[in-house]
Amino acid sequence: MSHNKPVLQISNLSVTFRNKNEVMRALHDFSCSLYAGECTAVIGESGCGKSVAAHAILKLFSDSTEITGSIRFDSQELITCSESRLKEIRGKRIGIIYQNPDRSLNPIYTIERQMKEPLQSHNISIPGAMRDHILKTLKRVGFPEPDQAMMQYPCQNSGGMNQRAATAVVLGLMPEVIIADEPTKGLDKERLVDIESCLMGIKVQNQSLLLITHDIPLAERIADTLIVMYAGQIVEAGPADEVLSSPLHPYTKGLLKSLPRNGFIPIEGSAPPLSSLPPGCRFANRCDCVTEVCTHQCPEITLTDTREVRCHLC
Ligand SMILES: Nc1ncnc2c1ncn2[C@@H]1O[C@H](COP(=O)(O)OP(=O)(O)OP(=O)(O)O)[C@@H](O)[C@H]1O
Ligand code: NI
């Protein structure tokens, strides 16, 4: 894949939460580059830090959370830029579809108003009528009768409808980068097809998509690049087709074996708690290939041609 300059370049992004008695590094040295017209998907089991990575890009944490590393966007460094500058970027230039749509919808606004207000507050002018733009965007996310959908309040909708309405709010702003945190969660089969074509549409419109998902077949169909995370770290990354057809890391291999088409074989055991991580490889206690070095030395990421992998044995 030949690449131009990335739209968003993330290097060594780390996030540490500090509560009263606990310091927890939920994300450790996360790096990736997002390109216009391409999708990067992030997979990994629950609690591995996918949403933390997504939220860190827009610094959506309280002040007690430490975020380090670098996020370059349009020649700006988001890690150090002011809150007022970030407010201009959030939504308008980098949009996020939250895992939980309740977070993005206002219960006392109709869907039309939810979509209109951010466009107005960001001074985004729409060629043609605003109403047409809203109707078109609602149709894109799978509302067959968008003129009715725009009159609804969130409490009148199902969870899946609100998930799609929240997606429409984000897409309506036409950001250059869209972060979608499990956008297909809780949707029935028919709506899954709508959202999938809508996600493909993001690429077609030359926007960049960071897709967080548990749905590996979906990632396989949409993603150009695949990132596999485990216990707060990237363990493998590379072109999606290569990672899925010839996985290098034992965790990626395990994830693929757990797919129904590959025999539904789960990975035994569970990931270590982020508050007390082992000194060696974080996957060592579940790895079939574990060796002496794995238990006491944390592997660094190594680059092999187009691939990245964090394993002593690869
Ligand atoms: N604001 C926060 N304060 C403290 N800990 C947090 C906060 N947000 C997330 N965490 C912790 O960070 C870890 C990673 O959480 P995260 O939500 O990123 O997981 P995930 O990979 O998105 O999982 P899922 O697939 O279930 O959504 C978890 O242990 C979670 O409890
Ligand atoms: Ni999540």
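How many bridges join strand E4 (residues 66-73) to E5? In this predicted model, two bridges join E4 to E5, and the two strands run antiparallel. Arg 72 has Glu 77 in E5 as its bridge partner. This pairing belongs to an open sheet of four strands, arranged in the order E2-E1-E4-E5 with antiparallel pairing. Strand E2 (23-34) and strand E5 (76-77) are the edge strands of that sheet, each of them pairing on one side only.

**The protein as a whole**

The protein has eleven helices and twelve strands. Its radius of gyration is 20 Å, which agrees with the value near 20 Å that a compact globule of 314 residues would have. Along the principal axes, the C-alpha atoms fill a box of roughly 65 × 45 × 45 Å. Of the 314 residues, 42% are buried, and among the contacts with a separation of 6 or more, 64% are between residues 24 or more positions apart.

**Strand E8 and its partners**

In strand E8 (residues 208-212), five of the five residues are buried, so the strand is largely enclosed by the rest of the structure. In a regular strand the side chains alternate between the two faces of the sheet. In E8, Ser 208, Leu 210 and Ile 212 point one way, while Leu 209 and Leu 211 point the other way, and all are buried.

E8 pairs with E3 and with E7, as the table sets out.

| Strand paired with E8 | Bridges | Sense | Residue opposite Leu 211 of E8 |
|---|---|---|---|
| E3 | four bridges | parallel | Ala 41 |
| E7 (residues 177-181) | five bridges | parallel | Ala 180 |

Leu 211 therefore appears in both pairings, standing opposite Ala 41 and serving as the bridge partner of Ala 180, and Leu 211 is also among the buried residues of E8. The connection between E7 and E8 involves a helix as well: E7, helix H7 (residues 189-204) and E8 make a right-handed β-α-β unit.

**Helix H10 and its surroundings**

Helix H10 (residues 250-257) has as its buried residues Pro 250, Tyr 251, Thr 252, Gly 254 and Leu 255. These buried residues pack against strand E3 (39-43), strand E9 (225-230) and strand E10 (233-239), and also against helix H8 (216-222) and helix H9 (240-245). Strand E3 thus links two parts of this description, since the buried residues of H10 pack against E3, and E3 is joined to E8 by four bridges.

Definitions and conventions: Residues numbered from 1 in each chain as written. Chains lettered and ligands numbered in written order. Predicted model: local features only at pLDDT ≥ 70, side-chain atom pairs only at ≥ 80, totals over all residues. Rg over C-alpha atoms; globule rule 2.2 N^0.38 Å. Buried ≥ 20, exposed ≤ 12 C-beta atoms within 10 Å, placed from the backbone. Contact = placed C-beta atoms within 7 Å. Pairing = 2+ DSSP bridges. Right-handed = clockwise from strand over helix to strand, strands pointing away.
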